Amino acid sequence: TRYNKRVAAYDILNSLFDEILYPLEDALANNGSVCFNRLVWGKAIPPYYQEIGRFGADNKWKGVVPQIRDWIYEAHGIARESTQRAPDKLNRTKQRPKVTWIDRPCSGYNDDRCIKNATKLILSLSSRFDVEVLSFNRKNKRSHQLHEMLSIMSETDVLIGMHGAGLGHIAYLPPTAIVVEIKSTSHRENKIFLNMASKQDIGYYMFDAKKVATDRANPVVLLTDAHMHRFADDLWSVLNLEFQRRAEIEKNNTYHDLPSKCLFPQYLSDTILSSFDVSRCYLEQTRLTRNWYQCVIYDDCPLDLTYL
């Protein structure tokens with residue numbers, strides 16, 4: 001079921017509301033009917049799907065997702081300052097930047113959404129970063145896992161994971177963080193996590209695992225030592241650019257930010273990690289109207305999104 005996915009989403013509801021019935025179908029099957037004093041029904045189209053521009057018509061989604069994140073942190077007793085760290089604290093003279101790795105074990109020979117030697121890659125990243133692996137044991141109480149996860153996310157500088165539900169934790173990242181989505185053969189066209197990064201106003205990067213896989217006939221990704229070291233070096237470089245950007249924002253109180261009206265590359269040509277220059281390329285220009293929209297699939301935006 002969706003509840004057993006690796007993203008702690010439904011657990012959040014229990015900390016924000018007095019009573020949760022999930023899934024509703026089970027409650028109806030057991031009781032025959034369910035009565036509500038107040039019912040909140042979500043939109044048919046969530047904010048991460050097709051929208052006009054970054055935040056929809058009249059900027060209706062601007063700042064909404066970060067406000068929800070702050071509300072969740074407050075409900076769990078996590079200091080809001082941890083999600084609003086000043087850039088001078090990001091230079092890390094004594095403490096190294098923190099990487100949170102979303103664990104996704106290989107489920108079989110044909111699983112192309114895992115890295116077979118991920119443990120070795122994590123060790124390589126540990127030469128420059130403090131790495132914490134986020135992996136939920138479903139046998140433990142999820143309420144304890146939830147608070148621990150929120151604490152981890154509030155201190156995260158870089159969130160890394162294969163394309164999958166675990167990257168839904170982007171919703172809990174502080175504004176100083178970035179996300180690195182690892183993509184292999186499947187789901188190359190999917191931009192849902194790029195859209196989540198846009199709503200959080202954080203930098204988005206892609207690591208092209210397909211490009212560096214040692215065995216092209218085997219879907220499971222296996223990286224060489226050279227590629228691991230290069231990834232760690234490239235990540236260190238873009239993170240320092242991110243720190244410089246945050247420091248400039250704080251110093252000037254206003255800034256000319258990276259353009260968002262540009263298309264993020266679906267494939268990388270000469271690098272394995274996308275560049276800082278495209279880290280805010282959140283949008284896509286449609287063929288008919290030539291306007292910029294947030295789309296879920298590359299080259300598959302509706303012809304006209306004026307109805308949104």
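**Close-up views of a predicted model**

**View 1. Asp201 in the loop between α6 and β6.** Asp201 is found in the loop that runs between helix α6 (192–200) and strand β6 (203–208), and, as in every view described here, the model shown is a predicted one. Although Asp201 is not a glycine, its phi is positive, at about 60°. With a relative accessible area of 33%, Asp201 is partly exposed.

**View 2. The open sheet of five strands.** The strands follow one another in the order β3-β2-β4-β5-β6, and their pairing is parallel. The edges are taken by β3 (130–134) and β6, each of which has a single partner strand, so that one side of each is left without a neighbour in the sheet. From one strand to the next, the twist averages 20°. Within this sheet, β2 (residues 98–102) and β4 (residues 158–162) pair in the parallel sense over three bridges, and Val99 stands opposite Val158 of β4. Strands β5 and β6, which also run parallel, are joined by six bridges, with Val179 standing opposite Tyr204 in β6.

**View 3. Strand β6 and the helix that lies across the sheet strands.** Six of the six residues of β6 are buried, and the cover extends to both faces of the strand: Gly203, Tyr205 and Phe207 are buried on one side, while Tyr204, Met206 and Asp208 are buried on the other. Helix α8 (residues 225–252) lies across β2, β4, β5 (178–183) and β6, and runs at about 150° to β5.

**View 4. Two salt bridges that involve helix α8.** Among the 11 salt bridges that the structure holds, one joins Asp234 to Arg230, with the closest N and O atoms 3.7 Å apart. Both of these residues lie in helix α8, four residues apart, or about one turn of the helix. Asp234 counts as partly exposed at 23% relative accessibility, and Arg230 is likewise partly exposed, with a relative accessible area of 33%. In another salt bridge, the side chains of Arg280 and Glu242 meet at 2.6 Å, N to O. This pair links distant parts of the chain, 38 residues apart, since Arg280 is in the loop between α8 and β7 (284–285) and Glu242 is in helix α8. Arg280 is buried, with a relative accessible area of 3%, and Glu242 also counts as buried, at 3% relative accessibility.

**View 5. Glu51, Lys60 and the loop residue Asn59.** Glu51 forms a salt bridge with Lys60, the closest N and O atoms being 3.9 Å apart. Glu51 counts as buried at 1% relative accessibility, whereas Lys60, at 36%, counts as partly exposed. Asn59, which is found in the loop between β1 (51–52) and α3, has a positive phi of about 55° although it is not a glycine. At 44% relative accessibility, Asn59 counts as partly exposed.

**View 6. The surroundings of Cys301.** Cys301 is placed in the segment after β8 (292–294) and, at 15% relative accessibility, counts as buried. When its neighbours within four places in sequence are left aside, Cys301 is in contact with Gln50, Thr286, Tyr293, Gln294 and Cys295. The C-alpha atoms of Cys301 and Glu284 are separated by 8.3 Å, with the two residues 17 residues apart along the chain.

**View 7. A nonpolar patch on the surface.** Leu13, Phe17, Ile68 and Trp71 make a nonpolar surface patch of about 370 Å². Of these residues, Ile68 lies in helix α3 (residues 64–75) and counts as partly exposed, at 40% relative accessibility.

Definitions and conventions: Residues numbered from 1 in each chain as written. Predicted model: local features only at pLDDT ≥ 70, side-chain atom pairs only at ≥ 80, totals over all residues. Heavy atoms only, no water. Patch = residues over 30% accessible without salt bridge, like charges linked within 9 Å, V, L, I, M, F, W, Y side chains within 5 Å. Areas by Shrake-Rupley, 256 points an atom, 1.4 Å probe, with all protein chains shown as cover. Salt bridge = Lys/Arg side-chain N within 4 Å of Asp/Glu carboxyl O. Buried < 20%, exposed > 50% of the residue type's maximum accessible area, 1.4 Å probe, protein only. Contact = heavy atoms within 4.5 Å. Pairing = 2+ DSSP bridges. Axes fitted to C-alpha atoms, helices over the stretch in contact; angles between N-to-C directions.
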